[in-house]
Amino acid sequence: MPFRKSFIAFMTIVRQETGRFLKIWTQTLLPPVITTALYFIIFGTFLGSQLAMIDGFTYMQFIVPGVVMLTIITNSFMNVVSSFYSAKFMRQIEEIIVSPAPIWAVVSGFVSGGVLRGLLTGGVVLAISNFFTNIPLH
């Protein structure tokens, strides 16, 4: 029975975090899309046209995995940090700490929310990357 209560606490935090970043999707999804588009337009088009192929890939195809991973890591980290900061600022962290939820459920819930945001923004950036270059899947 204690595991069930811990799982409920974990899922509650994940649902809260997911709802939080989906509610402000214009602040969550649009900045990575705009940044990626600008990066591809400025560096990919102008710099990429000056560089030779890299192991059979164009410069734009070569940088796509790095740009996607950069987006995933940055957004995952930003989600967890902003959640903890806002919870501390609004004094909600005290309520979480005194709750009977185990600390692993609290930390795992916040981290899982960050992972979901990172994967969502990474998927959007990967989709935007397909507008600028054809990404071979082999």
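Begin by selecting Gly56, which is exposed, with a relative accessible area of 52%, where exposed means over 50%, buried under 20% and partly exposed in between, for a 1.4 Å probe and protein chains only. The model is predicted, so that local features need pLDDT of at least 70 and side-chain atom pairs count only at pLDDT 80 or more, while totals for chains, interfaces and linings use all residues. Residues are numbered from 1 along each chain as its sequence is written, and side-chain values use heavy atoms, with hydrogens and water left out.

**The loop between α3 and α4**

Gly56 sits in the loop that joins α3 and α4; helices here are DSSP runs of H or I with at least four residues (strands are runs of E with at least two), numbered from the N terminus. Add Trp104 to the selection: 48 residues separate Gly56 from Trp104 in sequence, and their C-alpha atoms are 46 Å apart in space. Then move to Asp55, which is also found in the loop between α3 and α4 and has a positive phi of about 50°, although Asp55 is not a glycine. Asp55 counts as exposed, at 75% relative accessibility.

**The loop between α4 and α5**

Select Arg91 next, in the loop between α4 and α5 (93-98). Arg91 is not a glycine, yet has a positive phi of about 60°, and with a relative accessible area of 59% Arg91 is exposed.

**Helices α4 and α6**

Now display helix α4 (residues 59-89) together with helix α6 (residues 103-132), which pack at an angle of about 150° with their axes 7 Å apart. The axes are lines fitted to C-alpha atoms, for helices over the stretch in contact, and the angles run from 0 to 180 degrees between N-to-C directions. The two helices α4 and α6 are therefore roughly antiparallel to each other, a term for angles over 145 degrees, with under 35 counted as roughly parallel, 65 to 115 as roughly perpendicular and the rest as oblique. If you colour the residues of this contact of α4 with α6 by class, they divide into 14 nonpolar, 11 polar and 1 charged; Ala, Val, Leu, Ile, Met, Phe, Trp, Tyr, Cys and Pro count as nonpolar, Asp, Glu, Lys and Arg as charged, and the others, Gly among them, as polar. The crossing in which α4 passes α6 is right-handed, that is, the near helix is turned clockwise from the far one by less than a right angle, anticlockwise being left-handed.

Staying on α6, select Gly109, whose place is in that helix. Gly109 is buried, with a relative accessible area of 0%. Its C-alpha atom is separated by 8.5 Å from that of Arg15, although Gly109 and Arg15 are 94 residues apart along the chain.

**Helices α3 and α6**

Bring in α3, whose axis comes within 10 Å of that of α6 and crosses it at roughly 30°. That makes α3 roughly parallel to α6, and the crossing of α3 and α6 is right-handed.

**The largest pocket**

Finish by selecting Pro32, Thr35, Leu70, Thr71 and Asn75, which lie nearest the centre of the largest pocket among its 14 lining residues. A pocket is an open set of points on a 1 Å grid over the protein atoms alone, where a 1.4 Å probe fits, with protein on both sides within 12 Å along at least five of seven lines, and lining residues have an atom within 4 Å of a point. The volume of the largest pocket is about 240 Å³. The elements that give two or more residues to its lining are α2 (25-28), α3 (30-47) and α4, and α4 gives the most, with 6 residues. Coloured by class, the lining of the largest pocket shows 6 nonpolar, 7 polar and 1 charged residues.

Key:
Grid points are joined across faces, edges and corners, and a volume is the space filled by probe spheres set on the points.
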